[in-house]
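Subject: Handover of a structure and notes on it

Dear colleague,

Please find below the structure that I am handing over to you. I would be grateful if you would read the notes that follow with the coordinates open.

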Amino acid sequence: MRIESGLKLGFKDVLIRPKRSTLRSRSQVNLERNFSFLHSQKGWAGIPIIAANMDTVGTFELAEVLSNFGLLTAIHKHYSLSEWQNFLSPKDDSFFQHVMVSTGTADADFTHLQNILIQHPKLEFICIDVANGYAESFVDFVKRCRENYPDKTIVAGNVVTGEMVEELLLSGADVVKVGIGPGSVCTTRVKTGVGYPQLSAVIECADAAHGLGGHIISDGGCVSAGDVSKAFGGGADFVMLGGMFAGHDESGGQLIERDGKQFKLFYGMSSETAMAQHAGGVAEYRASEGKTVEVPYRGAVAATVKDVLGGVRSTCTYVGASALKELTKRTTFIRVQEQENKTFS
């Protein structure tokens, strides 16, 4: 046993200090990024925000809208081959730049992934998603995917430490997903005592990835546009959102009405709800590490997207960053004990 005494920070622990700026308007800020990936050598251009690969978020309907804004969607892994065919058949080539095919690490998952990519070879992103990215079997699966798909851009996670980011990149991942336990419907930290404050994880993992020419995604913990900006300021190349994209028309989840108000179900992929739906229930040897909540129905997702993008643009104007790629260089975090005045909330 050992104890690390250094302070680790989450998004709620900091604010970004403003700096002099020559920008006259938020409209001058360019949020588009251009990346070239480590192993696939593919280029990508767009706004680097991703809808999470959850049943209630990573839907085909959400992908339709987000692609129009230049954002990405990690499509959840439970769509059938015929559903993929019906969804993608009328799409033009540019659309394939804005969706990721998600997969687990079971043999059945790999077979399903193969079938999707045989049918739709223009898909460029593979998102290998497990709760615990520290297992040797996970690393082996990343290697297997790289051997089979040398020209695909592979996203792999989740981890929270620099050394594991490096191992995944050296094993064939182009982008590493960072975050254990920060999500609003994740109970891993409570059930297991395992986790890492998200901002510190992003800062440390970004440093490790960029040293090897790789990239990271900050996955989880954002509850506002300001948190998205903090993730980018901390060095994240991409930011993945779950709860912020839940509860919309294009989101998954059952619509519920109670006392004249409407809600949508939102649940973690390790929750009892998800496992009952896809695995016949929670296995005897494990516990649920997610919860199911009702989020207020929020209508069309386009308004939320505009709100998030507007917030990030505003952050950039406060620190004098004319483009999103400059934000981390212009970011100074200050530790705080309060974020906002909630007197009338």
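The notes below deal with one strand and its neighbours, and then with aromatic rings.

Please keep in mind throughout that this is a predicted model.

Strand β10 and its surroundings

Strand β10 comprises residues 215-219, and five of the five are buried, so the strand is largely enclosed by the rest of the structure. The covering applies to both faces: H215, I217 and D219 are buried on one side, and I216 and S218 are buried on the other.

β10 has a parallel partner in β9 (residues 175-178), to which it is joined by four bridges. Within this pairing, K177 has I217 of β10 as its bridge partner. β10 also runs parallel to β11 (residues 238-241), with three bridges between the two strands. Here D219 stands opposite M240 of β11. The connection from β10 to β11 involves helix α8 (residues 225-233), and these three elements make a right-handed β-α-β unit.

Aromatic pairs

How many aromatic pairs does a search of the whole structure find? The search finds eleven. In one of them, the ring centres of F37 and F125 are 5.9 Å apart and the planes are at 80 degrees; since planes over 60 degrees apart count as edge-to-face, the pair falls in that class. This pair links distant parts of the chain, 88 residues apart: F37 belongs to the loop between β2 (33-36) and β3 (43-46), whereas F125 belongs to strand β7 (residues 125-129). With a relative accessibility of 1%, F37 counts as buried, and F125, at 1% relative accessibility, counts as buried as well.

A second edge-to-face pair is formed by F110 and F141, because their planes are at 85 degrees, with the ring centres 5.7 Å apart. F110 is located in helix α3 (residues 107-119) and F141 in helix α4 (residues 136-148), so the pair ties together parts that are 31 residues apart in sequence. Both F110 and F141 are buried.

Ring pairs also link F35, F37, W44, F125 and F238 into a cluster. F37 and F125, described above, are thus among the members of this cluster.

Charges over rings

Two further contacts involve a charged side chain and a ring. R144 lies over the face of F110, at 4.0 Å from the ring centre. K91 lies over the face of F95, at 5.4 Å from the ring centre.

Yours sincerely,

A colleague

Key. Residues numbered from 1 in each chain as written. Predicted model: local features only at pLDDT ≥ 70, side-chain atom pairs only at ≥ 80, totals over all residues. Heavy atoms only, no water. Buried < 20%, exposed > 50% of the residue type's maximum accessible area, 1.4 Å probe, protein only. Pairing = 2+ DSSP bridges. Right-handed = clockwise from strand over helix to strand, strands pointing away. Phe/Tyr/Trp six-rings, centres within 6.5 Å; stacked < 30°, edge-to-face > 60°. Lys NZ or Arg CZ within 6 Å of the ring centre and 35° of its normal.
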